[in-house]
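Reader: I'd like a close look at one single part of this model, please. What lines the largest cavity?

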Amino acid sequence: MATSEAATRGVSGTGATSAASATAAARLRVAVPSVADRVADELRLQLAEGVLLPGARLTESTIAEDLGVSRNTVREAFAELASERLVVRHPNRGVFVASLEAGDIHDVYTVRRTIEVSAIRGGGSPEAVAAVRAAVEEGKLAAAANDDEGLGTANQHFHGAIVALAGSRRLNTIMSQVLAEMRLFFHKATMDANFYSGYLKDNEEICEALEAGELEKAADLLLAYLDRSEEKQAEVHGE
């Protein structure tokens with residue numbers, strides 16, 4: 001009887017240990033993003049920063065070598081980006097940066113109005129507000145240097161900082177995809193050399209209202225800004 005009870009306790013202990021190990025492994029998987037996720041994040045960033053242009057061919061071997069990962073990892077990242085419509089795979093040709101269509105514009109701006117305006121209405125920590133100001137100043141420096149690409153990147157940073165006011169990792173993730181999509185739209189619009197510089201004044205006014213704690217004013221300014229931006233994109237893309 002004693003032996004049987006000991007054996008039962010032994011089995012129970014082993015089961016508990018296995019369960020604890022499985023739980024620990026599950027926590028690790030959740031806490032640590034996969035390498036493919038990190039590669040997708042990097043490519044998303046390069047899209048948002050204007051490094052990867054619409055229609056550009058993406059080569060598994062080159063990206064794998066540049067980032068120090070396996071080709072299979074890059075392939076997994078491509079699958080993730082394809083599900084977000086940031087890249088497209090053409091049979092027997094390869095993977096290419098997407099060229100978004102005019103019909104996508106309203107949908108993307110609907111998302112932007114929902115998350116950006118909501119984020120600015122909630123205000124943010126002094127550090128988060130300072131990041132918005134830093135993006136404005138980054139834009140001014142780029143404009144002074146006649147750096148159109150730098151100005152575009154600063155504008156992306158401004159809108160990313162607006163969403164970061166909410167302090168939500170999930171919203172930041174959503175916005176990273178949106179920013180990548182927006183840069184794909186903006187490449188066509190930037191044939192107009194004044195495209196980004198036209199938004200600098202708006203960014204400054206929105207930031208000043210935010211810094212003054214006038215959150216409804218900041219939200220109204222941002223909403224009007226996004227409406228004008230959507231109209232401009234629809235015009236450029238012939239919608």
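**Around the largest cavity**

Author: Start with the whole chain: 73% of the protein's contacts (heavy atoms within 4.5 Å) with a separation of 6 or more are between residues 24 or more positions apart. Keep in mind that this is a predicted model, where local features need pLDDT of at least 70 and side-chain atom pairs count only at pLDDT 80 or more, while totals for chains, interfaces and linings use all residues. Residues are numbered from 1 along each chain as its sequence is written, and side-chain values use heavy atoms, with hydrogens and water left out.

The protein has 10 helices and three strands (DSSP runs numbered from the N terminus: H or I of at least four residues, E of at least two). From the N terminus on, they go α-α-β-α-α-β-β-α-α-α-α-α-α. Of the 239 residues, 40% count as buried, that is, under 20% relative accessible area with a 1.4 Å probe, protein chains only.

Now to your cavity. There are two cavities of 30 Å³ or more, a cavity being a set of points on a 1 Å grid over the protein atoms alone where a 1.4 Å probe fits but cannot get out. The largest has a volume of about 40 Å³, counted as the space filled by probe spheres set on points joined across faces, edges and corners. Its lining (residues with an atom within 4 Å of a point) is Ala135, Val136, Gly139, Leu151, Ala154, Asn155, Tyr196, Leu200 and Asn203. That splits into six nonpolar, three polar and no charged residues (Ala, Val, Leu, Ile, Met, Phe, Trp, Tyr, Cys and Pro are nonpolar, Asp, Glu, Lys and Arg charged, the others, Gly among them, polar).

Helices H6 (126-144), H7 (148-164) and H9 (197-211) each supply at least two of the lining residues. H7 is worth a second look: its 17 residues reach 24 Å from first C-alpha to last, close to the 24 Å expected (1.5 Å times one less than the number of residues). Of those 17, 12 are buried, so H7 is largely enclosed by the rest of the structure. Leu151, Ala154 and Asn155 are among the buried ones, and they also belong to the cavity lining.

Ile162 is buried in H7 too, and Ile120 touches Ile162, along with Leu165, Ile206, Leu210, Leu215, Ala218, Ala219 and Leu222, leaving aside residues up to four places away in sequence.

How values were computed:
1 Å grid on protein atoms, 1.4 Å probe; cavity = no way out; pocket = protein on both sides within 12 Å on 5 of 7 lines; lining within 4 Å. Buried < 20%, exposed > 50% of the residue type's maximum accessible area, 1.4 Å probe, protein only.
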